[in-house]
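This report introduces a single protein model to a reader who has not met it before. The sequence and structure are shown first, and the description follows.

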Amino acid sequence: MSEQAQREAELKRRKVRKGTHSCWECRRRKIRCQYGAGNDTVCLPCQARGSTCRSQEYVDKDTRPSQQPDRRMAQRLGRLEDLMARLVDRILPEAGGQQLANGSASRSNRASPTPSQDSAQNEGLAFHQTLDMLEASLGPDTPAGLLLGLRDAAQPSSMLTPESDQSPAPAKLSSSRYSKSSRTLYALFPPQDALPVLLKANAGPYYLTSLFSSFRDLIEGKVETANCVAVIPPVASHPTVLARRLLQICICMQQLHPGYDTAPLQIKGTIPEYMNSVVTTVTNLVTSIDEIVSTGEGLECLVLLGLWHANAGNLRKAWLTYRRALSLGQLMGIDRGSTRALKFVDTSTDPLKHSTPAGLWYRINACDRVSSLLLGLPAGDLDNSFATEEAMKRDTAMERLEKLHVVLTGRIIERNATRSSSEAYAITQSIDAELQSAATSMGVDWWSEPDFDMMDEVGHKLGEMLRQMLQMRHFDLLILLHLPYMLRDPSETRYDYSKTTCARSSREVLKRFIPFRSKVTAAWACRHVDYSALVASMTLILTYLRQHQYAMEPAPTCKERNEDRKLIEVVRERMQHVAITNRDKVTQESADILGQMMPILDLIDRSLMGDLSECNSHVLKCLHLKVPYLGTINFHPNVNVPEGQGGNTPFSRRDNAGTTPCPVAFAGTATSTPGMEQLQPQMAGLSTTHSAVTPSVPVMTPGGDNMQVDMAAFDPALLPPDTSINGMYMDFDVQPQDDALEIPDLMAGAEDWVLQGLDTTYWSLINGNNIAWGT
């Protein structure tokens with residue numbers, strides 16, 4: 001070669017990255033450029049095709065402008081190839097997957113700038129983002145889903161377990177991406193040596209570690225031990241891993257009795273202050289950020305956060321948190337049995353001990369339906385796949401009963417929204433039959449009242465507590481099922497069963513509440529038992545409203561009435577004790593409501609004995625309950641004045657054309673609200689007219705005249721001789737829509753809205769109306 005030709009060849013050389021040895025033809029075809037020996041000048045693919053093998057060190061003469069490579073496209077393809085290498089390595093690790101992964105890694109090195117620590121982290125972060133994006137789009141009909149169908153062909157169906165689909169994300173990548181959030185969460189932990197002290201103080205860790213698993217999984221060692229709750233994850237852990245442990249610690253703190261010495265825990269401030277700080281931080285940094293919470297641990301965090309809010313009395317925040325978990329679970333596909341989009345990022349935990357998708361989906365639905373029923377809201381999802389025979393074949397009898405309760409809770413919610421009265425009553429009968437069948441299947445011994453001591457062995461104590469709460473839950477459902485029919489027209493004998501069932505179930509709830517709250521005195525522990533006791537107590541009192549109206553309806557015996565009174569009084573005293581020792585507003589408000597309603601029993605007793613001397617106007621004036629978003633519930637005695645003596649009373653005569661008071665005798669002609677006739681109880685006392693003045697007491701004379709008693713001036717001493725109180729009745733004053741000052745914010749916490757709408761739901765069912773919040 002002449003000197004001039006050699007100079008022209010040197011000018012045509014290109015600068016390439018160190019380590020690049022592929023030829024132009026292999027690059028255009030996007031295939032691996034391999035050489036048979038170190039001194040070969042033609043690569044193996046070019047030899048096979050018979051094409052010209054020109055190194056990239058020289059200018060490609062055949063390159064056209066339209067064929068110039070797209071650098072961004074090349075980078076995306078490189079990341080995709082790297083992802084495929086990892087997938088193949090997971091699917092067929094012994095059939096060349098590792099070789100493909102290594103080849104992809106070497107190609108990535110050849111296509112990258114000089115490696116450095118920062119560039120490696122950035123590249124890893126980019127890959128992690130791509131992985132998240134692809135795994136979030138793994139529906140069965142998507143290209144990525146079809147591509148991953150290769151996995152089903154590569155593995156036998158018996159090997160397709162949830163655990164095999166759940167590979168943890170790289171811890172270092174998560175740490176670099178969310179390191180600031182992780183450090184903030186890590187700083188909230190108490191000292192490591194303080195956590196074993198908390199573990200020994202209650203049975204919370206044993207319940208939390210098995211929350212998403214079955215008893216059989218616990219026996220087979222597929223669940224983390226309770227001791228794991230006392231282990232703080234590393235600071236480099238994914239934020240959801242740290243948040244999950246913090247929420248578990250907070251729920252355990254909710255179980256501590258009021259006099260617990262917090263010094264060994266070494267936390268800043270009081271326990272409520274510490275818990276509020278943790279929950280606020282977890283909400284801001286984890287559960288409210290989609291990119292962080294979309295993991296298996298993220299779903300667990302949402303459920304745990306909802307449980308914490310429910311125990312704290314924040315029912316509405318708990319409902320929103322459960323609904324967020326349910327929506328995220330649907331995006332992941334766990335409701336359809338898909339596990340490919342569900343990934344766990346806790347690399348320190350055995351994958352076999354991760355929560356199963358079925359366990360997560362069941363627990364989310366259970367929490368959502370319970371809160372929806374209490375708040376009068378629709379259920380987020382009515383899928384009952386967790387309660388099939390196939391799904392429950394490994395469950396214990398208690399687990400089967402609990403799942404049946406979840407199913408029937410959803411059916412009660414559907415019943416409450418049914419627009420046909422006949423259909424609603426048929427659904428009620430069907431649900432009642434299933435509840436009675438389930439109760440029979442448990443055996444008589446199981447329904448005995450549990451007996452445990454807080455010093456008992458943890459396993460026995462937790463088992464008895466769960467049995468007691470499950471029993472109360474069963475009777476709760478019976479009350480809420482029959483509540484709309486409890487005060488229907490007594491001439492319809494078919495409703496007698498509903499009233500009897502409500503009374504019997506209420507007594508069973510209260511008999512279990514008293515010993516439970518005598519041993520578990522922490523107000524934030526098992527909050528739902530307080531709601532159960534309030535509903536049961538109010539229901540038991542209301543069953544006495546209409547007892548004197550017809551001879552065919554015998555009044556309860558004096559012994560039974562006194563037993564019910566004592567039962568409710570003990571429940572109220574227990575609520576007051578919990579309220580005082582814990583400074584708890586929920587139990588205090590519940591006790592106050594029962595105190596307002598107790599005069600109903602007093603007036604009935606006096607009417608039976610014919611003695612009104614102690615029924616002063618002060619007692620009567622207190623029988624008014626204000627219910628947010630609903631109105632005021634007024635209770636009145638049905639006063640009977642002897643014939644010919646009405647003129648000697650200070651009552652003003654009203655004719656029948658006026659506002660006729662409706663005693664609990666039920667005329668049976670109440671007007672139904674359009675679209676809501678299915679639950680209209682036709683109660684003669686539940687009018688929906690608002691009165692701006694003090695309610696009046698109706699006086700019924702034998703001649704048919706209706707008289708009104710001004711409550712402000714009512715004095716039993718002015719009543720004529722032989723006047724009697726023929727039972728009680730109640731009416732309903734609608735809250736004006738412009739009365740915004742007395743309406744709490746829809747998302748107010750327990751501090752500002754104590755019962756959170758539970759009372760609104762209860763009285764709406766009694767009144768035969770569903771809930772229309774804000775209307």
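## A salt bridge between two helices

R324 and D290 are joined through their side chains by a salt bridge, with N and O 2.8 Å apart. This pair links distant parts of the chain, since R324 belongs to helix α19 and D290 to helix α17, and the two residues are 34 apart. R324 is partly exposed, and its relative accessible area is 31%. These values, like the others in this report, come from a predicted model.

## Overall architecture

The protein has 775 residues, of which 49% are buried. Its secondary structure consists of 30 helices and six strands. When contacts between residues at least 6 apart in sequence are considered, 74% of them join residues at least 24 apart.

## Other salt bridges

In total, the structure contains 25 salt bridges. One of them connects the side chains of E220 and K222, at 3.4 Å from N to O. E220 is partly exposed because its relative accessibility is 40%, a value between the limits of 20% and 50%. K222 is likewise partly exposed, at 36% relative accessibility. Both residues belong to a network of salt bridges that also takes in D217 and R394.

A further salt bridge joins R527 to D530, where the closest N and O atoms are 3.3 Å apart. In this pair, R527 and D530 are both buried.

## Helix α16 and its surroundings

Helix α16 spans residues 271-287, and its buried residues are I271, Y274, M275, V278, V279, T281, V282, V286 and T287. A general point helps in reading such a list: an α-helix has 3.6 residues a turn, so residues three or four places apart point the same way.

Several other helices receive the buried residues of α16. These residues pack against α11 (179-186), α15 (239-254), α17 (290-293), α18 (296-311) and α19 (315-332). Helices α17 and α19 have already appeared above, as the elements that hold D290 and R324.

## Nonpolar cores

In soluble globular proteins, nonpolar side chains tend to be buried together. Here the largest nonpolar core has 85 residues, and the members that touch the most others are L542, M597, F635, M730, W763 and I766. Setting aside neighbours within four places in sequence, L542 is in contact with M486, L487, M597, F635, M730, Y762, W763 and I766. A second core, separate from this one, has 59 residues, including V229, I251, V282 and W361. Of these, V282 is also among the buried residues of α16.

## Asparagine 365 in helix α20

Helix α20 covers residues 357-375 and contains N365. Is N365 buried or exposed? N365 is buried, because its relative accessible area is 0%, under the 20% limit.

A polar atom of the N365 side chain lies 2.9 Å from the backbone oxygen of W361. Beyond its neighbours within four places in sequence, N365 is in contact with L326, D381, D383, F386 and V406.

## Glutamate 25 and threonine 52

E25 is located in helix α2, which comprises residues 24-29. With a relative accessibility of 14%, E25 counts as buried. Its side chain makes a polar contact of 3.0 Å with the side chain of R29. Not counting residues up to four places away in sequence, E25 touches C46, R49, S51 and T52.

T52 lies in the loop between α3 (44-49) and α4 (71-91). Whereas E25 is buried, T52 counts as exposed at 61% relative accessibility. On the same basis of leaving out residues up to four places away, T52 touches E25 and C46. The C-alpha atoms of T52 and V42 are 8.1 Å apart in space, and these residues are 10 apart in sequence.

## Aromatic rings and charges

The structure holds 10 aromatic pairs. One aromatic cluster is formed by Y425, Y485 and Y495.

Charged groups also sit over rings. The charged end of R494 is placed over the ring of Y425, 4.6 Å from the ring centre. In another case, the charged end of K403 sits over the ring of Y362, at 5.3 Å from its centre.

Conventions
Residues numbered from 1 in each chain as written. Predicted model: local features only at pLDDT ≥ 70, side-chain atom pairs only at ≥ 80, totals over all residues. Heavy atoms only, no water. Buried < 20%, exposed > 50% of the residue type's maximum accessible area, 1.4 Å probe, protein only. Helix = DSSP H or I, 4+ residues; strand = E, 2+ residues; numbered from the N terminus. Contact = heavy atoms within 4.5 Å. Salt bridge = Lys/Arg side-chain N within 4 Å of Asp/Glu carboxyl O. Polar contact = N/O pair within 3.5 Å; in protein donor to acceptor, adjacent residues only side chain to side chain. Phe/Tyr/Trp six-rings, centres within 6.5 Å; stacked < 30°, edge-to-face > 60°. Lys NZ or Arg CZ within 6 Å of the ring centre and 35° of its normal. Core = buried A, V, L, I, M, F, W, Y, C linked by side-chain atoms within 4.5 Å.
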